[in-house]
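Hi everyone, thanks for making time this morning. Let me put the structure up, and then I'll walk you through a few spots inside it.

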Amino acid sequence: MFKVTLEDEFKKNPELKAEDIQDVQAWIKSQPHLPPVPDLVVVLFLQACQWDLDLTKKTIDLYYTCRTEYTEFFSDRDPLSEEILETARAQQVVYLPERDPEGNQIIITRTSDPDIKNYNFAALVKYMTMSTEAFQLENGTVPGMVMVCDVGNFRASHFWSIPFKQGKNNMRYSQEASSFRIVAVHHINIHPLIHKVLQFLKPFLKAEVQEMITLHSNLETLFQTVPKEIMPKDYGGEAPTMEELNEQNLQRIQKYRQYFLDEQKVVVDESKRISKKAKQSEDPEEEKGWWLLKKLSFK
């Protein structure tokens with residue numbers, strides 16, 4: 001299903017070693033609860049973990065564990081479903097055709113329809129993870145991913161609508177189980193609410209993630225990092241519009257429909273696990289604290 005080969009990845013990544021792939025594969029075979037993992041997927045995790053073998057193994061385990069447990073994000077992944085089509089109409093997810101000077105892939109997200117009735121957080125996470133997987137199937141590894149979040153249409157009602165469990169699960173998956181490196185997160189078209197949201201989320205974000213986040217009061221500061229010319233026309237750049245690029249992204253994931261229908265069956269078998277499972281905190285007081293903190297933060 002990949003459009004790249006192992007040979008391509010060795011050329012792109014001088015740090016990549018055949019013996020490291022073999023080491024990880026031997027470990028996977030020693031873990032009967034894990035499904036088979038293609039070599040190219042192992043390479044994605046090695047690169048995302050900066051060639052740290054122990055971290056790679058831990059991340060692979062958590063990746064498949066999360067995808068088994070978080071059914072709200074990783075089941076019913078049909079790119080032709082009404083859920084995905086509706087989400088793509090309301091939430092744009094865009095992969096720019098040109099990369100930044102360091103070779104990083106730029107991803108732009110934007111709420112195109114601010115109507116809360118059309119905001120489905122779980123479906124948005126599903127659309128975004130499917131988009132990333134389709135991108136990786138076609139491109140393999142890239143040095144890093146740069147997120148540009150246009151929050152101009154993001155409202156308090158959107159934030160309030162996110163269920164605690166879904167928000168927590170997404171935080172865990174995105175920070176601890178991703179098959180790619182996020183190297184920067186830029187927020188544009190910010191307004192006072194965004195400062196409150198980020199302040200609220202701070203206790204849930206790892207220190208290294210917090211350091212990646214930059215708030216931009218104008219686009220000129222963003223263009224110091226992301227060249228203006230590679231941005232969509234909506235932001236004064238030369239790339240196609242957000243609407244056009246979002247449609248291209250939707251078409252890309254639809255092209256891999258069979259992959260997504262098959263991939264959702266690739267899960268862990270906990271009855272066969274021999275190692276201790278990494279547990280997620282389930283303190284019932286945590287959810288109470290989440291809602292209390294929300295109330296205090298959004299007075």
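**A look inside the model**

Let's begin with S131, which is found in helix α7. Keep in mind that this is a predicted model. Is S131 buried or exposed? It counts as buried because its relative accessible area is 0%, and the cut-off for buried is under 20%. So who are its partners? Leaving out residues up to four places away in sequence, S131 touches V93, Y95, N249 and I253.

Helix α7 also takes us to our next stop, helix α3, which covers residues 39–48. The buried residues of α3 pack against α7, and also against α1, α2 and α4. How many of the ten residues in α3 are buried? Nine of them are, so we can call this helix mostly covered. Among the buried ones are L40, F45 and Q47. After α3 comes Q50, and its phi is positive, near 55°.

Now for the empty spaces. The structure holds two cavities of 30 Å³ or more. The second largest has about 30 Å³ of space, and α3 residues L44 and Q47 help line it. Also in that lining are Q136, M145 and R181, to name some. By class, the lining has four nonpolar, five polar and one charged residues.

And the largest cavity? About 50 Å³ of space lies there. Its lining is made up of R67, F74, R77, E263, Q264, V266 and V267. Those divide into three nonpolar, one polar and three charged.

That's my tour, so please shout if you'd like to go back to any of these spots.

Terms used: Residues numbered from 1 in each chain as written. Predicted model: local features only at pLDDT ≥ 70, side-chain atom pairs only at ≥ 80, totals over all residues. Heavy atoms only, no water. Buried < 20%, exposed > 50% of the residue type's maximum accessible area, 1.4 Å probe, protein only. Helix = DSSP H or I, 4+ residues; strand = E, 2+ residues; numbered from the N terminus. Contact = heavy atoms within 4.5 Å. 1 Å grid on protein atoms, 1.4 Å probe; cavity = no way out; pocket = protein on both sides within 12 Å on 5 of 7 lines; lining within 4 Å. Points joined across faces, edges and corners; volume = space filled by probe spheres on them. Nonpolar A, V, L, I, M, F, W, Y, C, P; charged D, E, K, R; others polar.
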